[in-house]
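Trainee: I would like to take one part of this chain and look at it closely before going on to the rest. Could you have the model ready while I put my request?

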Amino acid sequence: MYTPAITGTGVCTPENTISNAELVKSFNAYADKFNLQNADQIEAGDVTAQAHSSEEFIVKASGIHSRYVIDKDGILDPDVMHPLMRQREDDEPSLMAEMALDAALKALKAAGKTPADVDAVICAASNLERAYPAVAIEIQELLGIKGFAFDMNVACSSATFGLQLAADMIKSGSISSALVVNPEICSAHLEWRDRDCHFIFGDVATATLVERSEDASGPYFEIKSTRCATDFSNNIRNNNGFLRRSRPDGTADRRDMQFMQNGRKVFKEVLPMVSAHIGSHMDDEGIQATDLKRLWLHQANKSMNDFIGKKVLGRTPEDGEQPNILQDYANTSSAGSIIAFSKYSNDLDDGDYGLICSFGAGYSVGSVIVQRRG
Ligand code: CO8
C-alpha cells in the first residue's frame, strides 16, 4: 500500500469579471424588454411578467459579489443573455481542454513535476463539452502523458469524487500519480434569464496533482482518508442530453435544458446531510474538531458554509479557518473547494489537519481529510 498525497494545485481563472451591478443592470433591461414585448399576454394573465433582480438580494442570499466568465458580452446583452463561444475545429484544443491544460501546468509547476511524472488524467466536471472522445484523453494528449485518462461527472462533487479515485488507485499501486482536473464552464449551462439563479455561477478550471507521498518534491498534503456519498434528488437538475433531438418538443432552448434548482429545498436538505457526513467521517478517522486547522468547503452559499463550519467545529469559525472564495468567483461547481484549498493552504504547519468537502446535485457529498507534511 502506498500513501497518496496532494503535491500541487493550479487554478485557471478567466479574464472577464461580471459584478452584481453589471449583472442586475442587464437582467433588468432584459426583463423590461420582455414585459414590453409580452404586454398583452401579461395583461391577459397568460404570461408571467419578469420581476427585477437586485444587488442587495444577491449579496444577502448568497454572499456573491462578482464572477469570472469566459464570455461577458453575450451574457450582458439583453438580446442574447448567454455566453457566445465560437465553434472550434476538431483539430483545435477544445475549450475545456484548454482551461484544464492551463490549470494542470500550474499544478505541475507547484509540485516541481513535469507531464512525464503523471500516469493518469481524470477530468471531473459537472458538464462535458462533448460525449466523446473523452476530454480527459485530449488533455492527456496535449500534455504528452502516457497511461490513461477518463471523464467523470458528479456535478459539484466531481473534484472530491475524482480525488478519491486517484487516491485509491495510488494506494493500490495501479498508478503512481494522477492529475484530477475540473474545468467548469458553468456560464454555458446557467439560465441567465431566470432571476432566481442568474447570479449563482461562474467559470474556472482547477487541477490537483496526486502522487505517492514518497515522490513529493516539496511540502505536501497527505490524503489520510476520503469518503463519498450520494442520495437521489430532483432538486438540482438539468435535462439536457443526447436524447433531446428524439423528443417531439426537444428544442435546445427549453428552460429545463439549463440548470434548474429548488434552492430553498437544497439549502434545507443538503445542510444536515453534509454536516452529518463530515461528522461521521471525522469520527471514523479519530479526528476531533480541535484537530482541524482548516475547512475548504464547496463554494455555493456563504450562509450554508457559515452553518456547516459552526456545526463541524462546534463554534463560529475564526477568520481564515473556513476561507470563502465565492464572493469573487461565485459558485464554480466542483472547482470551488479546490480554489479555496489552492489559495489558502500554504500557511499550514507540518502535522496540521484540514478537510476538503464538496456537495451538490445528486445529491452528492465528498470529503477528503488531509494532513500537512513538511
Ligand atoms: N433579486 C431579487 N429578488 C429575488 C431574486 C433576485 N435575483 N431571486 C429571487 N428573488 C426573490 C424570490 O422570488 C423570493 O420572493 P418571494 O418571497 O416573494 O417568493 C425571494 O426573493 C426569496 O427567494 P428564495 O427563497 O429563492 O431565496 P433564498 O434565500 O432561498 O436564496 C439561493 C436563494 C441563493 C439560491 C439559496 O436558496 C441557495 O443558495 N440554496 C442552495 C443552493 C445550492 O447550494 N445549490 C447547489 C447547486 S450547485 C450544484 O450542485 C452543481 C450543479 C451543476 C452546475 C451547474 C452550473 C450552471
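Trainee: With which side chain does the side chain of S364 make a polar contact? Please start there, and then lead me on to other places that deserve the same careful look.

Mentor: Bear in mind from the outset that this is a predicted model, and that what follows is computed from it. The side chain of S364 makes a polar contact with the side chain of S157, at 2.8 Å. S364 belongs to strand 13, which covers residues 364-373, and with a relative accessible area of 2% S364 is buried, since buried means under 20%. Leaving aside neighbours within four places in sequence, S364 is in contact with V154, S157, F161, A229, T230, M273, S358 and F359. V154 deserves a second glance, because although S364 and V154 are 210 residues apart along the chain, their C-alpha atoms are separated by 7.2 Å.

The backbone on either side of this contact has its own features. Just before S364, the peptide bond between G362 and Y363 is cis, with omega at about -10°, and Y363 sits in the loop between strand 12 (353-360) and strand 13. On the other side, A155 has a positive phi of about 50° although it is not a glycine; A155 lies in the loop between strand 5 (148-152) and helix 7 (158-172), and at a relative accessible area of 15% A155 is buried. Both features stand out against the general background, because most residues other than glycine have a negative phi, and most peptide bonds are trans.

Two further backbone features can be read in the same way. Y132 and P133 are joined by a cis peptide bond with omega of about -5°, and P133 is placed in the loop between strand 4 (120-124) and helix 6. M81, which is not a glycine either, has a positive phi of about 65°; M81 is found in the loop between helix 4 (73-76) and helix 5, and its relative accessible area of 3% makes M81 buried.

The loops of M81 and P133 lead into helix 5 and helix 6 respectively, and these two helices are worth viewing together. The axes of helix 5 (residues 95-111) and helix 6 (residues 135-143) come within 10 Å and cross at roughly 55°, and the two helices are therefore oblique to each other. The crossing in which helix 5 passes helix 6 is right-handed. On the side of helix 5 the contact is made by M96, A97, A100, L101, A104, L105 and L108, and on the side of helix 6 by V135, E138, I139, L142 and L143. Sorted by class, this contact has eleven nonpolar residues, no polar ones and one charged residue. E138, in helix 6, counts as buried at 16% relative accessibility, and apart from residues up to four places away in sequence E138 touches E92, P93, S94, A97 and R130.

Another glutamate to inspect is E211, which is found in strand 7 (residues 203-212) and is buried, with a relative accessible area of 2%. The side chain of E211 makes polar contacts with the side chain of T7, at 2.7 Å, and with the side chain of K113, at 2.8 Å. Not counting neighbours within four places in sequence, E211 is in contact with T3, P4, A5, T7, A111, K113, I170, S176, S177 and A216.

A second pair of helices can be set beside the one just described. The axes of helix 1 (residues 20-37) and helix 3 (residues 55-62) come within 9 Å and cross at roughly 125°, which makes helix 1 oblique to helix 3. Helix 1 also passes helix 3 in a right-handed crossing. Here the contact is made by N20, A21 and V24 of helix 1 together with E55, I58 and V59 of helix 3, and by class these residues divide into four nonpolar, one polar and one charged.

Finally, turn to helix 11 (residues 336-343), where seven of the eight residues are buried, so that the helix is largely enclosed by the rest of the structure. The buried residues of helix 11 are G336, S337, I338, I339, A340, F341 and S342.

Technical notes:
Residues numbered from 1 in each chain as written. Predicted model: local features only at pLDDT ≥ 70, side-chain atom pairs only at ≥ 80, totals over all residues. Heavy atoms only, no water. Axes fitted to C-alpha atoms, helices over the stretch in contact; angles between N-to-C directions. Helix = DSSP H or I, 4+ residues; strand = E, 2+ residues; numbered from the N terminus. Parallel < 35°, antiparallel > 145°, perpendicular 65-115°, else oblique. Left-handed = near helix turned anticlockwise from the far one by under 90°. Contact = heavy atoms within 4.5 Å. Nonpolar A, V, L, I, M, F, W, Y, C, P; charged D, E, K, R; others polar. Buried < 20%, exposed > 50% of the residue type's maximum accessible area, 1.4 Å probe, protein only. Polar contact = N/O pair within 3.5 Å; in protein donor to acceptor, adjacent residues only side chain to side chain.
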